[in-house]
Amino acid sequence: RTPLADREETKAVTCTDGTGKQVIMPSDDTLRAFVNPKTGDTQYEITTETVTAVARNQFGCRDLTGAWLEDRQEGAGSDCFGSHWDFRLFSTEFMTASATATDQYMSPLTVALLEDTGWYRADYNSDHVKLSPFGRLAGCDFVYEDCVVNGQIPSYSKGSFCTSQRRLGCDPTHTSVARCSQFKYKKELPPEFQYFSDPFIGGRNEQLDYCPVYGTLKFSFDSANDDLGYDGSAFELDCSDADLQSAPFAHRVESFGEDGRCFDTNFERPLCLKASCSRERNAVEVVFGDTIRTCLYDFQTIDIPGLPGYSLTCPRLAQVCPELVCKADCAGRGECVVDDQEDPYCSCNDSDDPSPYCANSPVASLVPTVSPAPTLPKGSAYGRYASNPDAGRSGGSVSMLCWLVSAAWLGMSIAAQVLN
């Protein structure tokens, strides 16, 4: 690659907080400014090769030109670009600006950024690398459109957002029952974030663009408020917690334990049921004793054995069984092909690559460049990238790169092995 110092220049830019600064900017194939189509504000995105490919595969959206950085960071100080992934898009990613009550993962996106620095070789098959389920393969509308439309959940928002504070649902990982984070503020929300007829209502987190999500894990079963008929005690419904099998709220059809998953139902609340991800059928299978029900497609309705008149709603397969659908986001070395005629699959940059996630393929062809020292041995093919003229490249934050490298040295680099 072209040495980084030769590709930097000082420019006058608009920061995410609207102020102007003179800053050292990397080239557009690393970091790029764009205008957020919803807010009209300046935002930045990382546009390195592998990161861009992984971001597209995460959502099944070829329109993305990079991975967006957070534009609403509290106490960002001198950080002009944003030093975390955008929370509205990547809320179950570990390297976002907010911690959540639900699980967050070191995903292929963060590993791809480490790899694109030229300092790491990524192991996308590591047990420490997990696909982020939030918005997975929900399409470009999930990225560019409102999370809630006229107070209703559009199809692309199912499994990610919600519309009622009273409602219980499943968290994005489908491991816990959670309450919707809808909240009434004392002042009107900004017009671009008013999703309901009442302009005072939205989600609790500004970095989520005030989108309500199933994110409150501990709540009370209070018959006066929830019509669930319990005694008002506060519980946390972790479907993987086997100790809850004997809890007062556990229904006889429920199964808590390692294989427990949360399913939306038309019962009093979501239920924790035993489920498995079937590689053979490329589907989630729900187990009721000796009876198995198979989800044949997303959001299919299935009757619940032992509960006449009640049914469950199958979750989006890419969320509940992410490893079955374009594993590791094709390691940024191929395209996750979403086709109505067949299951999503990785189309690798090397058509002869036998790996299910394109591990043996090159990164897409880009203008040859070299990373700053330490550099790879002369003549090494690894780490050479070429520029795709169709990819609108954008950028990431130098502070984010530094933070990620530091974090890797602190223990998270198990997933990204340092080059010899």
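# Salt bridges, a small sheet and enclosed spaces

In this predicted model, a network of salt bridges links Asp41, Arg72, Glu206 and Asp209.

Visitor: How many residues apart in sequence are the parts that the pair of Asp41 and Arg72 ties together?

Guide: Asp41 and Arg72 form a salt bridge in which the closest N and O atoms are 3.8 Å apart, and this falls within the 4 Å that a salt bridge allows. Asp41 belongs to the loop between strand 3 and strand 4, whereas Arg72 belongs to the loop between strand 5 and helix 3, so the salt bridge ties together parts of the chain whose separation in sequence is 31 residues.

Visitor: Is Arg72 buried or exposed?

Guide: The word buried is used for a relative accessible area under 20%. Asp41, with a relative accessible area of 32%, is partly exposed. For its partner Arg72 the relative accessible area is 16%, and therefore Arg72 counts as buried.

Visitor: In which order do the three strands of the open sheet stand, and which of them are at the edges?

Guide: The three strands are paired in an antiparallel way, and their order in the open sheet is 3-4-5. Strand 3, residues 31–35, and strand 5, residues 67–68, each have a single partner strand, so one side of each has no neighbour in the sheet, and the strands at the edges are strand 3 and strand 5.

Visitor: Which residue of strand 5 stands opposite Ile46?

Guide: Strand 4 covers residues 42–46 and runs antiparallel to strand 5, to which it is joined by two bridges. Opposite Ile46, in strand 5, stands Ala67.

Visitor: Which residue meets the side chain of Arg32 in a salt bridge?

Guide: Side chains of opposite charge can pair when their charged atoms come close. The side chain of Arg32 comes to 2.5 Å, N to O, from that of its partner, and the partner is Glu45. This salt bridge links distant parts of the chain, with Arg32 in strand 3 and, 13 residues apart from it, in strand 4, Glu45.

Visitor: What is the relative accessible area of Glu45?

Guide: The two partners can be set side by side: Arg32, at 22% relative accessibility, counts as partly exposed. Glu45, on the other hand, is buried, and its relative accessible area is 1%.

Visitor: Where does Asp198, the salt-bridge partner of Lys184, lie?

Guide: Between Lys184 and Asp198 the closest N and O atoms of the salt bridge are 3.1 Å apart. Lys184 is in strand 9, residues 182–184, and Asp198, 14 residues apart from Lys184, lies in the loop between strand 9 and strand 10.

Visitor: Which residue does the side chain of Ser83 contact?

Guide: Ser83 is found in the loop between strand 5 and helix 3, and with a relative accessible area of 10% it is buried. Its side chain makes a polar contact, at 3.2 Å, with the side chain of His84.

Visitor: How many of the residues lining the largest cavity are charged?

Guide: A search of the whole structure gives four cavities of 30 Å³ or more, and the largest cavity has a volume of about 160 Å³. Its lining is made up of 19 residues, and those nearest its centre are Asn36, Lys38, Trp68, Arg88 and Asp209. One of these, Asp209, also belongs to the network of salt bridges with Asp41, Arg72 and Glu206. Seven residues of the lining are nonpolar and four are polar, while the number of charged residues is eight.

Notes: Residues are numbered from 1 along each chain as its sequence is written. This is a predicted model: local features need pLDDT of at least 70, side-chain atom pairs count only at pLDDT 80 or more; totals for chains, interfaces and linings use all residues. Side-chain values use heavy atoms; hydrogens and water are left out. Two strands pair if DSSP finds at least two bridges between them. Helices (H or I, at least four residues) and strands (E, at least two) are DSSP runs, numbered from the N terminus. On a 1 Å grid over the protein atoms alone, a cavity is a set of points where a 1.4 Å probe fits but cannot get out, and a pocket is an open set with protein on both sides within 12 Å along at least five of seven lines; lining residues have an atom within 4 Å of a point. Grid points are joined across faces, edges and corners, and a volume is the space filled by probe spheres set on the points. Ala, Val, Leu, Ile, Met, Phe, Trp, Tyr, Cys and Pro count as nonpolar, Asp, Glu, Lys and Arg as charged, and the others, Gly among them, as polar. Buried means under 20% relative accessible area, exposed over 50%, partly exposed in between (1.4 Å probe, protein chains only). A polar contact is a pair of N or O atoms within 3.5 Å; within protein, one must be able to donate a hydrogen and the other to accept it, and residues adjacent in sequence count only if both atoms are side-chain atoms.
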